[in-house]
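Thanks for coming, everyone. Let's put the structure up and walk through it together.

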Amino acid sequence: MDPVITTDALTMHFRRCDALMGVDLSIQPGTVFALLGENGAGKTTLIRILTGFQEPTSGSCTVCGIDPLRDPQAVRRQIGYVSDAPALYDWMTVAQIGGFTASFYDQTFLPQYEAAIRRYDVRPEQKIRHLSKGQRAKVALSLALAHDPAVLILDEPTSGLDPKVRRSFLESMIDRAATGRTVFLSSHQISEVERVADTIAILHRGRIRLHGQLSELRESIHEVIIDTDDPLRAIAPPPEPAEVLTEETSGRSRQWFVRGLDPEMIQAWRSSPGVTDVRTRVASLEEIFVACTGELQAV
Amino acid sequence: MSSDTIIETTRTVPDRSSSTAWFWWKESKQLAPLIMLLIIVAGLILIMNVISTAIVNPGGFWLPDEVVLLVFPGLFATGAGPLMVGQERSLRTMEWLALLPISAKRLLSTKLSVAFAGLALMWCVVAVGIALFGLGNPHDANWTIGQRPSHSDNPISYPIWMVHSIYVLLSGFYVSWRIRHTFYALILLIPLAFAPMIAVGLIAAYNDRPMMSGTYDVLIGVFTLLGIAVMAPLSYRAAMRALGPERAPAAVPLLELPRRSSADASVDETAPRFGTRVAALVWQSIESRRGMLVLLVAMLLVSLLAFIRLCSIDSRLRGIDQFLPFVTLLAPLAVCWLGTAVFKQDGAIEQIRFLADRGITPQTVYYARHAIPVAILATGLLLYAGWALTTVGGWDRDRTPVPSLITVAAVVFLFYSVSQWVSQLVRTLLLAVILGPIISVIVTVWLLTAYTQLALPTAALVIVSLLPLLATRVVMRRYMDATDRPLAFVVAAGVVAAMVIVPIVFAIAFVRGVPGMTAEQRNTLLAEAHSARRQTASPVQLMFLDWRSNAERTLVPDSQKDLIEKIRNSLNANSQDPRQWINGLETLRQGSFPLQGDFYALDRFQSAFVLHRMRWRQDNDAESFERFAPWLDTASVLLKGLRRSRQVAQQEIADRLEVTLIETLRTPEMRPHRDAPAVRSAVASIGTPASRAAARRRAVLASWVQRQDPQSRSSRDHVAALETMPRGLVAWLDEPLYESFVLAALDGIQASKNRSDDGSWRRRLHSLASPKGVFESSQYSDRFRQLPAAATMGENYFAGPGQLWGRAWEYVDVAEFLQAGDDTTSPAPGITSESAPSEPTATPGSQASEPEASNADPSGSADTLSLRDSIAANNQITPTEPIR
Amino acid sequence: MFFSVDVQSDVAIYLQLVRQVKFAIAAGTLRPGQLLPSVRALSGQVALNPNTVARAFGQLQTDGVVESLRGRGMVVREEAVALCRQEREAVLRERIGGVLGEAWNAGLSKAQIKTFVDEHLRALCQQPPAVLAAATDAEHQAGSD
C-alpha cells in the first residue's frame, strides 16, 4: 500500500537553530504513528511543514500523495489537525463554531460533530471562552474529526489535561485506527504511546534516531546490567550486529542498553573474567526514549 | 442558536451560499467591538458637547457635529483591517481558519467585502445624520459637485473623504497582512493614511504659495486614487504571502558553527541577576516591549524637536515647516500610548498572570509596570523644562506660544492617567490604542475647561486626575486573577461620575456662594422696581452745539501752534452762554423729563462751569455775576433733570454736579447774591439727603429691573466683579452679583439718608465694583472719604458707584449758609474738609478748615483753595497765580 | 470480563492479553461458546492499539483456544478449557520454579526452602480454593497430602 505520509531528506534551518536535519519517514495507512522527541526536537516544525504552514529549507514530503507546498488546501482537506492550546474563536458558542465549520463541509459533518459533543458531555450553548482546557481540546478534536479525515494529526493535544480527557483522546485515536484511518501523534505521554502506537520514531536534535514497529523495538532493546568485582574492569562491548545505545556506570555495576541482543553475548559476558553477574531485562519505551535522546551517545 | 435549528438550516441548504452566510456572520460579529467603539466615541463627544455648552456658558468647548459624524467612517476604516486581520493573526485563529477548506482568495475577498460593506454602511449613517440634523454649513461651501455647492466648510469635500476612507481601509488591510504585531501595524498606518495629504503639502511647499481650496481638494483626490491603485495589489500580495506557507529564512552562515538544535538553547546563556524583586520586574517590563518603548521614545523626541523648531520660527510657516504642527501632535499620542502600554502589550496579560501565579503582590506589579513609562515621561518633561527655560515664547500672531512646564505636566499627567485606565478596561489592544487617546483628550479638555472656567479648585483637579490611577490600583488584584470584569466597570462608572460631577458640584457651590437676594427680598423689591420704572418718560440727551466759528477751526496742525495760543483758544472755545451751547434746555425746564448724558458730557459742562465761576470770582462784581448767573441756572436745570433719571450712572453724574453746585453756593461771595433768581433756583435744585436717597433708590431699582429686559441696552450692564469670575459661570453669576449690588446700594442709600455709621455697604460695594483693589486704599475707604468731595470727584467713576454717598457734603444746608450773616465768614466745614459723618456739622472739621480760612486768599476761590491747599498740605507747593 | 495490562512489563502486551484470556477460560469466567468482544470494542475498552488486540486474537486462534465464527466474531471452543488449564498449570509450574530458583540462588538451603513450602501449604489447605469450576476431586485430594 502506498504510504500515506512520506518525507524525503526534509531539512529546516532557522536563523538560530536547525530544527530538522534530513528526516526520512514513511507512514503506512491505517496505523498509529507516534513521534517522540524532547521539547524543541523539531516535532512541531515537522508537523507545520506537513500541513503546509512552513516551507522547508530543502527536501520534500507528501501527504496523501499531495505536496503541501504546492497545494496546501488539498492537503488540509484530507487531514484533521489538533494542536495543543487550539486557537478557536472565543466568542462563539460550541454550537456556533460547529455550524460555522459545518457549512464548509458536506451534510454529514454536523451530525457527527453533534454526536461527538454529546458524547463528550459539552453543553452546546456555552461560549468557548468559558470552557475548561479539557473541554476546549475535546471541541477541537470533534471539529477535526467530524469530516472523517484520512489522517488525523495530533500535536501534543493532551498536554496539561486531566486523565479523563486523555482517555477520551486515546479512545478516539484507537477508534480511528480501528476503522482503518491513520493517526499521526506527537506526544510526550510515553505510557499512552506504548498502548496505542503501531510505529514510533524518536526525533532527537533534528534527526531520526529510531524508527520502527513498537513491538519489534520493544523486543529488540534490552537493558543489560553487568556486575563486576572491580569498578575499573573493562568489559568488551557486544559484537555486531548488536548496537549499544547508551552506557552508564555506577559503582561496580554497568548498565547498557543494547539493541539486537543475542543470548550468546550474555554467555560471553558471564564467562568474562571479573564478571560476577549479568542481568537482562526488556527495556521500557521510556528507557528507550531516554537512551536515544541522552548525551552519552555511542554514535 | 440552538443546535436543532443549526441542523435544520444546514441540512436543507448544504451549499456554498450557506458557508458564505456563515462567513459573513462571523466577520460581522468580529467587527462588532469596533462598531461599539465608534458608538461610544460618538456618544462621548456628543455628551461632552451637551454638557459643555449647557454648563460653560457662553462658549465652552465643542466639536462641530460634522466631526462627530465623520468619526464613524474614519475610525472604522482605520480599525477594520487590524481588527479583522491583525487580531486573528495574533490570536492564531487565522491558522485554524486556514485549516478549513477555504481558499486564500476566498478568505481575503470575504473579509474585504465585509469591510467595504461596513464602510458603506457608515457613510449611509453619516449621510442620514447630515440630512436629518441639517448639519454642515451650506453657506461656506468650498467646493462644488457639478453645479451644487458643498455642504460644509471642510477643506476636503465629502466625495474625496469617501475615496480617502476606502484608501485607508485598504492600507489598514495591507499593514495588518504585512506586520504581525497590531501596534506596529497601526504605527505604520498613520503615515500611510496621511500620505496623500503629505504629498499635496509637499507640492504646496514646493510652490511656496497657498493653494486654492478647490485645487487642494482635487489634488488630494488624485493622490488618494493613486494610493488605492498602489495599495490594492500590494495588500493582495501581502495577504497571499501571509496565508501561504512561511518562507524559509535564506541566510547561510559564513562560518561553520556547530549545529545547534533548539533544544540546546537557553541553558548556556547566563541569566541576568537582580538585587531586588522590583528590579527584576522592571527589567521584564522593558525587555518584553523593547521595540515599542524605543518607538514611543523616538516619537516623543521627534515631536519635541519639531516643537523646538516651530518655536524658533517667528514668521509664517513656509515650505516643509508647515508639517511641523502635525509632527508636534505625535507627542500627546505617544504619551497616550505609553499609558496604554502599561496594561496592554503583547503578552502583558500573560506576564501579569505569570507574576500572579508566583505570589507577587499586586502593589509591586503595579509600580513595576508604571515605572518605565513614568520614567520616560519624567525625562521628557525635564528636557522640555530645560529647553523652555531658555526660550521666550510670545503671544504674537506668528509666534508659537510656549506653554509652561506646569501646563504641559498637567496635560501629560492627565493623558497618561486616563490612557492607562482605559487600557485596563478594554480587552483588545486595538481598541485600547484607538480609544485611549480619544478619551484622554476628552477628559483633559473637560477638566481643564472646568479648572479655568468653572472655578474648580486646584486641589480638586489634582485629586480627580489621580482617580484613574487609583481605580487601576484598586482593581489590580482582581485583574491579576482575571476576574476583574464586573468590578472594573463599577469602579469605572464611579470614576466617570466623579469626573463629571465634581466640577459641576464645585461650580454650583461657587455660584451659590455668591449671595443674591432671597426670594422675599426679591419679591418686595421687584414690585417697587417695576413701579419705579414705569414712571419714566423718555429722556432728553445732553448735547452740545458746537458753536466755534469757522475761523477758529484752522487747518494748521496742532503741533505748529503756539502753546499759549492753543490754551487761549481752547479756553475761549466754549460759548459764553450756556443756553446757546446746550441743546434742549427749555424742554428740560418746562417739562419733567429726565436728562441723559455721559461723563464726558458732564466733564465738558463742568469744566466750562468752573471756568466761568473762576472768572466771576476773580472779578467778583455784579457784571461778572450776571455773566455767571446763566451758568448757575443751567446747572440747576441740568441737576433737576438728572435727578429725575432712572439710571444709576445719571445719579452719579447728578451727585457730582451737585457737589460742584454746593461748593459754588457755599462761598461767602455768593451771599450777597442770595436773592438772585439764579441762585434761588440753584438752591432749590439742591436736594436733601432724603430726596437724593429717593432718587437714587428709584434709579437703582429701575436699572435692576431694566437689565432683565433683553432688548434694552442696559441688559449688558454688569457688575465689575463679574469680570473676575470664572468665565464659564458668568451667565449664572450675573444676576446674583447684580442683586448683591442692588442690596448693597440700597443699604448705602439708606445709610447715607440716615447718616448712619454702618460702613458694611461700602465694603460690599468695593468688593463688587473694584474687586482687585485693596479696600483701605480704595475710594470707599474711610481715609478717602475724609477728603473733600470736590477733590475726589475727578476719580474715575469706573471704580464704582456710591463713592459720594453719605459724605459730608450731603448734610450741608446751603440755604442756611447763605442766610447766615457776616459773622460766620468762614465757610462751614463740610466742603473744605470732611469730618466723620456721625458728628454734627459744626465741629472738628473746623480745625482743619481754620488754617485754610485764615490763609484764604480773597482773590482765590474756595474751591481752588481747598484743592490747592490739600495738595499743598501734601506737597508743600505754594499756590500760584490763578489763570485768567 | 476486564483486562489489566502492564505496559512496562517485559511481556509483550498481546501476550498478556492472551494469557489473561486463557486464565479466564481456565477459571471458568469465560465459558465455551461465549463470544469475545470485537477487536474494535475491546481495543476501545482497554485503550490499546487494535492491531495489538488483533494479534492477541490471532495468537489465541493459533493456539486453538478460540475460533472465528462468521459474522459473529471470536467464540471460545469447547476444547479450550482443558487446553487453558494445562497451560495454566505450566505457567504456575514455571513460576514456582522461578521462585525456588531465586531462593536457591540467594543462598537458602534445601531444608529451609522445604520448610517454607510446607508452611505455606499447611496454611492454604485450611481453606477451600477460590476456583470456580469444579476441579476433579482426585487432583484435589492428591494435592492435600
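Start with charge pairs. Over all chains, the structure holds 43 salt bridges. Keep in mind that this is a predicted model. Side chains of opposite charge can pair when their charged atoms come close. Let me pick out a few.

Take D148(A) and R176(A). They form a salt bridge, and their closest N and O atoms are 3.0 Å apart. D148(A) lies in the loop between α5 and β6 of chain A, while R176(A) lies in helix α6, residues 163-178, so the pair ties together parts that are 28 residues apart in sequence. How accessible are the two partners? D148(A) is partly exposed, at a relative accessible area of 34%. R176(A) counts as buried, at 10% relative accessibility, because the cut-off for buried is under 20%.

Now a local pair. R167(A) and E171(A) meet through their side chains in a salt bridge, 3.3 Å from N to O. Both sit in helix α6 of chain A, and since they are four residues apart, about one helical turn separates them. R167(A) is partly exposed, with a relative accessible area of 34%. E171(A) is partly exposed too, with a relative accessible area of 34%.

Over to chain B. There, the side chains of E27(B) and K26(B) meet in a salt bridge at 3.1 Å, N to O. Buried or exposed? E27(B) is buried, with a relative accessible area of 0%. K26(B) also counts as buried, at 0% relative accessibility. Elsewhere in chain B, salt bridges that share partners make one network. Its members are R643(B), D655(B), E658(B), R692(B), R696(B) and E810(B).

Back to chain A for one residue. H147(A) is placed in the loop between α5 (133-145) and β6 (151-155) of chain A. H147(A) counts as buried, at 15% relative accessibility. What does its side chain reach? One partner is the backbone oxygen of I79(A), at 3.3 Å. Another is the backbone oxygen of A144(A), which lies 3.4 Å from a polar atom of the H147(A) side chain. Leaving out residues up to four places away in sequence, H147(A) touches R77(A), I79(A), G80(A), Y105(A) and F109(A).

Next, the interfaces. Chain A against chain B comes first in this talk. The contact takes 47 residues from chain A and 42 residues from chain B. The area buried between the two chains is about 4100 Å², and carbon and sulfur atoms give 62% of that. Which three residues supply more than any other three of the area that chain A buries against chain B? They are Y89(A), F100(A) and F104(A), with 16%.

Polar links cross here as well. Between chain A and chain B, the count is three salt bridges. One salt bridge joins the side chains of R247(B) and E55(A), at 3.2 Å from N to O. There are also 10 residue pairs in polar contact, both residues at pLDDT 80 or more. Several elements give two or more residues to the side of chain A that touches chain B, among them β1 (5-13), β2 (18-27) and α4 (109-119). On that side of chain A, α3(A) gives the most, with six residues.

Now chain C against chain A. Here 17 residues of chain C are in contact with 22 residues of chain A. The two chains bury about 1600 Å² between them, 44% of it on carbon and sulfur atoms. How many salt bridges cross the interface of chain C and chain A? The rule finds one. R40(C) makes a salt bridge with D175(A), with the closest N and O atoms 3.0 Å apart. Nine residue pairs are in polar contact across this interface, both at pLDDT 80 or more. On the side of chain C that touches chain A, α2 (39-46) and α3 (50-62) each supply at least two residues. The largest share of that side, five residues, comes from α2(C).

Last stop: chain C itself. Its secondary structure comes to six helices and two strands. From the N terminus on, the elements run α-α-α-β-β-α-α-α. Of the 145 residues of chain C, 29% count as buried. The accessible surface of chain C comes to about 9500 Å², and 55% of it belongs to carbon and sulfur atoms.

One surface feature to finish. I96(C), L100(C), V117(C), L121(C) and L124(C) form a nonpolar patch, with about 420 Å² of accessible area together. Which element gives the most to the nonpolar patch? That is α5(C), with three residues. L100(C) is found in helix α4 of chain C, and L100(C) is partly exposed, at a relative accessible area of 36%.

How values were computed: Residues are numbered from 1 along each chain as its sequence is written. Chains are lettered from A and ligands numbered from 1 in the order in which they are written. This is a predicted model: local features need pLDDT of at least 70, side-chain atom pairs count only at pLDDT 80 or more; totals for chains, interfaces and linings use all residues. Side-chain values use heavy atoms; hydrogens and water are left out. Patches are made of residues with over 30% relative accessible area and no salt bridge: like charges are joined within 9 Å, nonpolar side chains (Val, Leu, Ile, Met, Phe, Trp, Tyr) within 5 Å. Accessible areas come from the Shrake-Rupley method with a 1.4 Å probe; for residues, only the protein chains shown count as cover. A salt bridge is a side-chain nitrogen of Lys or Arg within 4 Å of a carboxyl oxygen of Asp or Glu. Buried means under 20% relative accessible area, exposed over 50%, partly exposed in between (1.4 Å probe, protein chains only). Contact means heavy atoms within 4.5 Å. Buried area is the accessible area (1.4 Å probe) that two parts lose on being put together, summed over both. A polar contact is a pair of N or O atoms within 3.5 Å; within protein, one must be able to donate a hydrogen and the other to accept it, and residues adjacent in sequence count only if both atoms are side-chain atoms.
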